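Work through the exercises below with the sequence and the structure at hand. Try each task before reading its solution.

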Amino acid sequence: MISEKIPCLFPLDNLQNNYNVQQEVERCLTDYDYSKGFYTDNKLAIFEIFKIACQKQNEALCKFCLEHFSLKTFNSGDFELLLKFAAFFSSVNMPQEEQEFHECIGDVYPKDHDTAVGVLQKVISEYPTYAYARTLLAIAWYNLKNWDEAVASAQIAIEIGPQIAKNYRVLGCALCRKKDYQSAEKALLGCISLDSTDRKAYGVLSNVYKALGCPDEARVALMQARAIEPEDSITVSSQIDTTAVATTTKTNHASPELSEEAARCLQEYRKWEQFRTADKSVVIQLFWLAYRIKDKELLGFCKGHLLDMKWGPVDFESIVESVDCFLVLEDKEHAKIFKEMIDTHCPEDSSKAKRALHNIIQRKPNCGSAYTALSMILISENALEEAENAILHAIQSGFDRTVNVLLLGGIQMCQDRLEEAIGVVQQLIMEEPTNTVAFDLLIAMQELQGISDEQERHDAALKAFKHIYKGESEENGEVDEIEQQLKAAIEENPNDSLSYEILGDLLREKKRFEEAARYMQQAIQLDKQNPSLPIKLCTILYEQGSYDKVKIVLEDSIRLHGSTEEALELRKKLGKTAS
């Protein structure tokens, strides 16, 4: 039996605590012997059982432990345990599992860097060849501004993990702080030779070249940094890395701890493969959790839940956060819908809107959509320096890079920084040679260079800046024109049911559900024999979240027009939602 002759695998620096852990391990293993399962709230006990399972090569128990562990929520008190888990995976050559725990470590990194140093040194004493802990220790020393210790720790990290690019970057940043620029250049070039997409290394290298009196090299390095997309992999949260050392990730939006409601919904989902909640922030929390742990089923359910919910002005913050949810899935269609909702539901009071966006950024420092929305407001207030800062953060997030780079170029153009602006847009054109908006903007910038009068150049720059918005909203402009034409047609002929129907469809696509329902109801009144119109109305009401109204309209439609295929499909869909 597994529970026989259990080795004591944990250090005896806390006898009472370890005695309790050993007791819990014995109890859980006994339960597993009889029922092939166990339950415990003691995370350390799960870790010890997992190590026993690995020693005994019991794959079923290993898998059970990992599944059990994945259901737990973590906080900064679990930093040491997660590090040890990852270190153990490293020691038994399980790189995929090690990486998954690295992602969790970023969420629970202590806010106090002194605490982090103590924990990391303790883990390193048990796992001296664990390279990732050495890297984190170097970063912790860097954040404490102890450059000597940061350099020493980074050098050891390089000795253990010479293939890890980040180690060279951390070393280069620390050497730069010590003003040892030549050594810093060597370290940063070493980083880039291993990872040519490390945009932070290029950024710091640009500063190093400036200090060495090499302006041309500094400019080239800066352009390289701006040209590179942020990394896709989540390595460590922004709490760990400061400006110079930070690894720019596409996102790590998952909160360190789930809210009580989110934890309830997760438990409900694990049991029934679905959950119900009206709290949009909870769905977003669970979306990022699913994204981080690569749970495709939960991810799909959360996406569907977001699309089925009814949105209004009170949901402004959640609408902004939802844009990144769809962008990370490369679902541009729904991302565009939620972007339009940002404009629709943005508070009219700009100070209130900015406060809401700052709230999001404080919770989720990598929320690119919040920075983009903030920059738009700042641009309208002519606060161009602040807008530029917001756009740079948006670009670092990795989302909507094309839009944000165009905005950056436009802001620089309006600040009469034409050389920088032209460089930014030219780089974008190299990456996207079919981007007509970028070409139009570049031509406008080049024309500005021929205008000597400062005021005239400024006015022309503002006019050219509108190209940025037109590039993104050109299609919307066409849709708006069609909407106006349809309304004009209805005004001219109030009995034209087809115009009402088409306008209802158009407004539904734009998520303006109340207006869409109103026009579709009018179409039904004018053409009561058309069986497709009630189904279209039901679809609008369903997407709006008005399920009770859907049921009434649907049953009336079936009574009048019979059980069409579309009606039965919608009834089935409605039944699933109700359950």
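**Exercise 1.** Classify Arg-27 and Glu-24 as buried or partly exposed, then find how their side chains meet.

Solution. In this predicted model, Arg-27 has a relative accessible area of 35%, so Arg-27 is partly exposed. Buried means under 20%. Glu-24, at 19% relative accessibility, therefore counts as buried. Next, look at the side chains: those of Arg-27 and Glu-24 form a salt bridge, with 2.7 Å from N to O. Finally, place the pair: both residues belong to helix α1 (residues 15-35) and are three residues apart, about one turn of the helix. Side chains of opposite charge can pair when their charged atoms come close.

**Exercise 2.** Which salt bridge does Glu-515 make, and how accessible are its partners?

Solution. Glu-515 meets Arg-512 in a salt bridge of 3.0 Å, N to O. Glu-515 is partly exposed at 24% relative accessible area, and Arg-512 is partly exposed at 23%. Elsewhere, Glu-80, Lys-84, Lys-122 and Glu-126 are joined into one network by salt bridges that share partners. The whole structure holds 24 salt bridges.

**Exercise 3.** How many disulfides are there, and why does Cys-325 not form one?

Solution. A disulfide needs two cysteine sulfur atoms within 2.5 Å. The closest cysteine sulfur to that of Cys-325 is in Cys-367, 8.4 Å away, which is too far for a bond. Cys-325 is buried, at 1% relative accessibility. By this rule, the count of disulfides is zero.

Key
Residues numbered from 1 in each chain as written. Predicted model: local features only at pLDDT ≥ 70, side-chain atom pairs only at ≥ 80, totals over all residues. Heavy atoms only, no water. Buried < 20%, exposed > 50% of the residue type's maximum accessible area, 1.4 Å probe, protein only. Salt bridge = Lys/Arg side-chain N within 4 Å of Asp/Glu carboxyl O. Helix = DSSP H or I, 4+ residues; strand = E, 2+ residues; numbered from the N terminus.
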